[in-house]
Amino acid sequence: KLNSTGNVTLSASATTTTLTDARVGSNSIILFMPTTANANSAKDDLYVSARADGSATLTHASSSNTDQSFGYLVIG
């Protein structure tokens with residue numbers, strides 16, 4: 001097992017979500033795995049638009065779905 005994984009749910013009716021994780025840095029690579037059907041539908045519009053020490057901004061399409069959940073992996 002690696003200590004570099006977590007879970008995030010996209011904010012409903014918004015176009016950005018803040019992922020807060022102390023392991024994220026400005027050069028980190030963050031990979032996502034949808035864990036719900038609605039997340040699978042949202043994955044094509046999801047990208048990391050900013051990274052900083054301890055957080056990342058996820059940009060995505062606005063949706064009223066509250067279960068757009070992803071597992072993620074932070075590398076670096």
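A salt bridge here is a side-chain nitrogen of Lys or Arg within 4 Å of a carboxyl oxygen of Asp or Glu. I start there since the first item on my list uses the term. What you have above is a predicted model.

A search of the whole structure finds one salt bridge. The partners are Asp-21 and Arg-23, with their closest N and O atoms 2.7 Å apart. In general terms, side chains of opposite charge can pair when their charged atoms come close. The two side chains also make a polar contact, again at 2.7 Å.

Are the two partners buried or exposed? Asp-21 has a relative accessible area of 8%, so Asp-21 is buried. Arg-23, at 30%, is partly exposed. Asp-21 sits in the loop between β2, residues 16-20, and β3. Leaving out residues up to four places away in sequence, Asp-21 touches Gly-54, Ser-55, Tyr-72 and Val-74.

Tyr-72 brings me to the interior. The largest nonpolar core has 13 residues, and the members touching the most other members are Val-8, Leu-10, Leu-19, Val-24, Leu-58, Phe-70 and Tyr-72. Three elements each supply at least two residues of this core: α1 (37-42), β5 (55-59) and β6 (69-75). Which of them gives the most? That is β6, with three residues.

Take Leu-58 from that core. Not counting neighbours within four places in sequence, Leu-58 has contacts that include Val-8, Leu-10 and Leu-19. Its other partners on the same count are Thr-15, Thr-16, Thr-17, Phe-32, Leu-46, Tyr-47 and Val-48.

Next along the chain is Thr-59, in strand β5. Thr-59 has 15% relative accessibility, under the 20% limit, and therefore counts as buried. Which side chain does Thr-59 join through a polar contact? The partner is Ser-49, at 2.7 Å. With neighbours within four places set aside, Thr-59 is in contact with Thr-15, Thr-16, Asp-45, Leu-46, Tyr-47 and Ser-49.

Ser-49 also serves as a reference point for Ser-62. Those two serines are 13 residues apart in sequence and 15 Å apart in space, C-alpha to C-alpha. Ser-62 belongs to the loop between β5 and β6, and its relative accessible area of 48% makes it partly exposed. Where does Ser-62 make contacts beyond four places in sequence? It touches Ser-13, Ala-14 and Thr-15.

Now Ser-13, one to check in the backbone. Ser-13 is found in the loop between β1 (5-9) and β2. What is its phi? The value is positive, about 55 degrees, although Ser-13 is not a glycine. For background, most residues other than glycine have a negative phi. Ser-13 counts as exposed, at 56% relative accessibility.

Last, the surface. Ile-29, Leu-31 and Ile-75 form a nonpolar patch there, and their accessible area together is about 260 Å². Leu-31 lies in strand β3, residues 29-34. At 43% relative accessibility, Leu-31 is partly exposed.

To recap: the one salt bridge pairs Asp-21 with Arg-23, the largest nonpolar core has 13 residues, and Ser-13 has the positive phi of about 55 degrees. That is what I have.

Terms used:
Residues numbered from 1 in each chain as written. Predicted model: local features only at pLDDT ≥ 70, side-chain atom pairs only at ≥ 80, totals over all residues. Heavy atoms only, no water. Buried < 20%, exposed > 50% of the residue type's maximum accessible area, 1.4 Å probe, protein only. Core = buried A, V, L, I, M, F, W, Y, C linked by side-chain atoms within 4.5 Å. Helix = DSSP H or I, 4+ residues; strand = E, 2+ residues; numbered from the N terminus. Contact = heavy atoms within 4.5 Å. Patch = residues over 30% accessible without salt bridge, like charges linked within 9 Å, V, L, I, M, F, W, Y side chains within 5 Å. Areas by Shrake-Rupley, 256 points an atom, 1.4 Å probe, with all protein chains shown as cover. Polar contact = N/O pair within 3.5 Å; in protein donor to acceptor, adjacent residues only side chain to side chain.
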